[in-house]
Amino acid sequence: MAEIKVDPVDDHTMVIPETEISAQKPHRTLRVASLDIFRGLTVALMILVDDAGGEWPMIGHAPWHGCNLADFVMPFFLFIVGMAIPLALKRIPSKGKAVKKVVFRTLKLLFWGLLLQGGFSHAPDKLTYGVDMQMIRFCGILQRIAFAYLVVALAEIFLKDAQSNDIAAGYCSVFRLYCWHWLLGACILILYLAMLYGIYVPDWQFAVHDKESAVYGRVFAVDCNVRGKLNPPCNAVGYIDREILGINHLYLKPAWRRAKACTDNSPYEGPFKNDAPSWCHAPFEPEGILSSISAVLSTIIGVHFGHVLVHLKGHSERLKQWIMMGFALLILGIVLHFTHAIPLNKQLYTFSYVCVTSGAAALVFSAIYILVDIWGLKYMFVPLKWIGMNAMLVYVMAAERIFAGFINGWYYEDPHSTLVYWIEKHIFIGVWNSRRVGILLYVIFAEILFWAIIAGILHRFGIYWKL
């Protein structure tokens, strides 16, 4: 399924003609270092917010409306996938071969998504594997990426005409060249908004299947009987997932459990209030069907940035397009949120959330592009570059904590007496006499930096895990 390849060029990584850097050897290509670094930064952020977010809730996912640091990770991944699509497919002249490659890669992403987030792996805390097929989680991070990649890559194959690589540097030139992509995006947005605000959500009930819950097995009822609401219990996103996927196949511990309505410890996790609403105990799928349809917009915006890189050869022309669009998206999203027209919400993947996170991705990438590809300050970001060049390996081993689970399998007397727990407790928490600071430093040094070094060693030998 996955491939370990000795290959210095990743299919997902964008390349630029070397003629932009040198007049010699015009047919060779070079990696865009800024994209590797941006990908590595995003993977590092995922590790940081997942493993330190419990102690630092301000960087974890917002319980419902709002946007914390963790809420930028998924859109950044989708943006990066979109940026890589134009050049990855540009090197495949046959539409048939391109479709085959896209479909095969999508299937591999789905496989790994189900394996890692479907419930089969219990790493790192439980030394068991396996999932009850009646409770398997169908959706997840890689599944959403697979869906967005499939839709946008097929659009790139079939909706673009054979065009010249060089076009005028006017702001609207790239938009005009790929107008069908934007028409697809508009159709997706209209479909999403129509379903989000138009679908009727009836009353519903559920049984608690989380065996760690104090109310395991209890049945709760939720009163809705509304249309167009964006609150946790009665939105169309959750209703569609419950009806199509089945309530037993949703994520058991959604971020809303940390909401003020549910726990006095908010924004930290904690025991539910005695008078907490029934929906606090309910499952919810943050990577569900309707929200994944909206998530395609993040990838379409990323594809536009890839098109700019392909067709505009000057740094200033590229940056003008990227920065102007980045600020426009950011401002539009902020206005929609603070005017209460459309709130920022990662769980629902609202349009304002698409705009703010895509605008942020555009500006962060532009800043990295200036520092690395224009000013040549690559050595400052070498650890992130190494992670970005072996992103799948670091994601699986560190973000999904498969390696930590393997190490925890070798314990002394007690399953919590392992090397991982010893390092965390005695080297980081004990030295700093603070669990919050110790956990943060452990994640930065024992996870992110450690895997950056491992990725760097593999890069030295030209070894990459590619899908």
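Which residues are buried in helix 12? A few notes on this one, starting there; keep in mind that the model is predicted.

1. **Helix 12.** The buried set is Ala391, Met392, Leu393, Val394, Tyr395, Val396, Ala398 and Ala399. That makes eight of the nine residues in helix 12, which spans 391–399, so to speak a mostly covered helix. Just past its end, Arg401 has a positive phi of about 60 degrees, in case you want to look at the backbone there.

2. **Membrane annotation.** The UniProt record, an unreviewed entry, carries the annotation "transmembrane region" for residues 69–90, 102–121, 141–159, 180–200, 289–310, 322–342, 348–372 and 439–458. Two of these spans can be set against the model. Residues 69–90 are 82% helix and 0% strand, with the end C-alpha atoms 33 Å apart. Residues 102–121 come out at 80% helix and 0% strand, and their end C-alpha atoms lie 27 Å apart.

3. **A nonpolar surface patch.** Ile444, Phe445, Leu449, Ile453, Ile457 and Phe461 make up a nonpolar patch on the surface, and together they have about 560 Å² of accessible area. Ile457 belongs to helix 15, which covers residues 435–460. Is Ile457 buried or exposed? Neither, quite: its relative accessibility is 44%, so Ile457 counts as partly exposed.

4. **First disulfide.** The model has two disulfides. One joins Cys224 to Cys234, at 2.1 Å from S to S, and is left-handed, with -85 degrees about the S-S bond. The two cysteines are ten residues apart: Cys224 sits in the loop between strand 6 (219–222) and strand 7 (226–227), while Cys234 sits in the loop between strand 7 and helix 7 (236–244). Cys224 counts as buried because its relative accessibility is 10%, and Cys234 is buried too, at 5%.

5. **Second disulfide.** Cys262 and Cys280 are bonded, with their sulfur atoms 2.0 Å apart. The torsion about this S-S bond is about -85 degrees, so the disulfide of Cys262 and Cys280 is left-handed. Both cysteines lie in the loop between helix 7 and helix 8 (289–311), so the bond ties together parts that are 18 residues apart in sequence. Cys262 and Cys280 are both buried. Counting bonded cysteines along the chain, the pattern is 1-2, 3-4.

6. **Cysteines without a partner.** Cys139 is in no disulfide, and the nearest cysteine sulfur, in Cys224, is 20 Å away. Cys139 is nonetheless buried, at 11% relative accessibility. Why does Cys187 not bond to Cys179? The Cys179 sulfur is the closest cysteine sulfur to that of Cys187, but the distance is 12 Å, which is too far for a bond. Cys187 is partly exposed, with a relative accessible area of 45%.

7. **Strands 5 and 6.** Strand 5 (residues 204–207) shows alternating side chains: Trp204 and Phe206 point to one face and are buried, whereas Gln205 and Ala207 point to the other and are not. Strand 5 pairs with strand 6 in the antiparallel sense, over four bridges. Ala207 has Val219 of strand 6 as its bridge partner.

8. **Salt bridges, helix 1 and helix 15.** There are eight salt bridges in the whole structure. In one of them Arg39 meets Asp36, at 3.0 Å from N to O. The two are three residues apart in helix 1 (residues 33–52), so about one helical turn separates them. Arg39 is buried at 7% relative accessibility, and Asp36 is buried at 0%. Another salt bridge pairs Glu55 with Arg435, whose closest N and O atoms are 3.1 Å apart. That one links distant parts of the chain, 380 residues apart: Glu55 is in the loop between helix 1 and helix 2 (73–90), and Arg435 is in helix 15. Arg435 is partly exposed, at 45% relative accessibility.

9. **A salt-bridge network.** Arg137, Glu285, Glu287 and Lys346 are linked in a network of salt bridges. Within it, Lys346 and Glu287 have their closest N and O atoms 2.8 Å apart. They are 59 residues apart, with Lys346 in the loop between helix 9 (315–338) and helix 10 (351–374) and Glu287 in the loop between helix 7 and helix 8. Lys346 is buried at 5% relative accessibility, as is Glu287 at 6%.

Technical notes. Residues numbered from 1 in each chain as written. Predicted model: local features only at pLDDT ≥ 70, side-chain atom pairs only at ≥ 80, totals over all residues. Heavy atoms only, no water. Patch = residues over 30% accessible without salt bridge, like charges linked within 9 Å, V, L, I, M, F, W, Y side chains within 5 Å. Areas by Shrake-Rupley, 256 points an atom, 1.4 Å probe, with all protein chains shown as cover. Salt bridge = Lys/Arg side-chain N within 4 Å of Asp/Glu carboxyl O. Buried < 20%, exposed > 50% of the residue type's maximum accessible area, 1.4 Å probe, protein only. UniProt positions renumbered as here; feature names shortened; annotations may be inferred. Disulfide = S-S within 2.5 Å. Pairing = 2+ DSSP bridges.
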